[in-house]
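Got your viewer open? Load the model, switch to a cartoon view, and follow along from stop to stop.

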Amino acid sequence: MENWESRVSLVYTETEPLEAPPAGHPPGKRWKFEGPQQILVEWHSREAAESNAFVADDSSATTADYRPANGLEALACPCGRYERLTVSGVWGGPLELTCRCSRTHPFTLVAAAPWGVSLLKRLILWYTDDTCELRHLTDLIIEHHVREQQDRTRHGVDPGPELLTLARAAGEERAGGRLSRYQRALTALRVSGDGDRPRYAGLQGTGPLALYLVRAMYAVVDGRDYDIASKPGRRLVETIDWVIADLLEYGTAPHEAD
């Protein structure tokens with residue numbers, strides 16, 4: 001088995017769930033199940049961040065010289081497969097992801113860092129109750145949107161460009177319903193091709209709100225893994241639309257700096 005951290009040049013992060021382990025299961029139980037369609041996780045590139053620091057000090061540099069230093073991507077096996085990886089591990093222990101790319105020797109990657117431990121907890125909670133993920137995303141979106149509003153009001157900090165891009169793409173009044181609008185928004189921020197492993201870059205901005213909106217929109221668009229018709233699902237959709245409407249209103253309103 002290969003350690004994930006020895007294979008990647010990126011630093012992954014994952015917010016630890018506040019929920020307790022699923023009730024009715026013995027402590028120390030080893031979980032093993034098929035994961036969701038894709039497992040999106042936040043990444044940071046130290047190399048890109050260092051490069052951008054040099055660019056910032058270069059008077060001749062332009063915005064095109066900056067490299068994406070953070071974003072979201074679907075975890076994948078070295079073979080390229082990222083869909084329905086097998087998840088296994090013990091609550092509080094390392095995350096193990098296994099790919100069926102070889103019938104005789106399935107490839108397993110181990111993430112023992114804190115992000116892997118937190119991600120395993122999130123996946124176990126999703127497996128036992130998919131509405132838990134929906135509630136978690138709703139709380140994170142509300143928390144960070146309130147912070148973003150406060151930054152606007154108190155400190156005059158504009159939303160990051162990726163937030164406004166996401167809002168405008170999701171709010172376009174063209175043919176198609178909510179799913180089509182969310183899909184357009186995801187496409188607007190995706191930096192990988194349609195057939196490639198999903199990757200969204202440059203999403204940090206003034207805060208992680210865009211990261212959580214992308215994850216939430218994907219959960220709605222790919223309803224196979226989440227009960228969007230449930231009460232937590234409907235509340236998540238209402239929260240997404242509320243945030244998008246607020247960002248659109250800000251983006252079209254006159255500002256003192258204009």
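**Starting inside helix H7**

Select Val237 to begin: this residue is buried, with a relative accessible area of 9%. Keep in mind as you go that you are looking at a predicted model. Val237 sits in helix H7, and if you leave aside residues up to four places away in sequence, it touches Arg178, Tyr182, Val220 and Ile228. Now add Met217 to the selection. Val237 and Met217 are 20 residues apart along the chain, and their C-alpha atoms are separated by 8.3 Å.

Stay on H7, which covers residues 231-252, and move along to Asp246. Is Asp246 buried or exposed? It's buried, at a relative accessible area of 16%; that falls under the 20% cut-off, so the label applies. Show side chains here and you'll find a polar contact of 3.3 Å between those of Asp246 and His145. Beyond residues up to four places away in sequence, Asp246 touches Glu148, Gln149 and Arg152 as well as His145.

**On to H3 and H2**

Next, select residues 130-155, which make up helix H3. Does the length add up, and what should the span be? With 26 residues at 1.5 Å a residue, H3 should span 38 Å, and its end C-alpha atoms are 37 Å apart, so the two agree. Just after H3 comes Gly156, with a positive phi near 65 degrees.

Now bring in helix H2, residues 114-128. The axes of H2 and H3 come within 4 Å and cross at roughly 125 degrees, which makes H2 oblique to H3. To see who makes the contact, pick Arg122, Leu125, Trp126 and Thr128 on the H2 side, then Asp130, Cys132 and Glu133 on the H3 side.

**A quick look at H4**

Select residues 161-170 for helix H4. Of its 10 residues, 7 are buried, so H4 is largely enclosed by the rest of the structure. Color these to see the buried set: Glu162, Leu163, Leu164, Leu166, Ala167, Ala169 and Ala170.

**The four-stranded sheet**

Which strands make up the open sheet, and in what order? Going across, you'll pass E2-E4-E5-E9, with antiparallel pairing. The edges are E2 (11-13) and E9 (199-201), each pairing on one side only. From one strand to the next, the twist averages 30 degrees.

Zoom in on E4 (residues 40-44) and E5 (residues 70-74): these two run antiparallel and are joined by 5 bridges. To find one such pairing, click Glu42, whose bridge partner in E5 is Leu72. Then turn on helix H6, residues 209-221. H6 lies across E4, E5 and E9, running at about 25 degrees to E5.

**Pro68, beside the sheet strands**

Go to the loop between helix H1 (46-56) and E5, where you'll find Pro68. Pro68 counts as partly exposed, at 46% relative accessibility. Add Gly202 to your selection: Pro68 and Gly202 are 134 residues apart along the chain, yet their C-alpha atoms are separated by 5.0 Å. Leaving out residues up to four places away in sequence, Pro68 touches Trp43, Ser45, Ala48, Ala201 and Gly202.

**E3, E6 and an unusual phi**

Jump to strand E3, residues 30-34, and show its side chains. Trp31 and Phe33 make up the covered face, while Arg30, Lys32 and Glu34 are on the uncovered one. E3 pairs with strand E6 (residues 86-90) in the antiparallel sense, over 5 bridges. Check the end of that pairing list by clicking Arg30, which stands opposite Val90 in E6.

Then step to Arg84, in the loop between E5 and E6. Most residues other than glycine have a negative phi. Arg84 is not a glycine, but its phi is positive, at about 55 degrees. Arg84 is also buried, with a relative accessible area of 18%.

**Zooming back out**

Finish with the whole chain in view. How many helices and strands does the protein chain have? There are 7 helices and 9 strands. Of its 258 residues, 48% count as buried. As for contacts between residues at least 6 apart in sequence, 73% join residues at least 24 apart.

Methods. Residues numbered from 1 in each chain as written. Predicted model: local features only at pLDDT ≥ 70, side-chain atom pairs only at ≥ 80, totals over all residues. Heavy atoms only, no water. Expected span 1.5 Å × (residues − 1). Buried < 20%, exposed > 50% of the residue type's maximum accessible area, 1.4 Å probe, protein only. Polar contact = N/O pair within 3.5 Å; in protein donor to acceptor, adjacent residues only side chain to side chain. Contact = heavy atoms within 4.5 Å. Pairing = 2+ DSSP bridges. Axes fitted to C-alpha atoms, helices over the stretch in contact; angles between N-to-C directions. Parallel < 35°, antiparallel > 145°, perpendicular 65-115°, else oblique.
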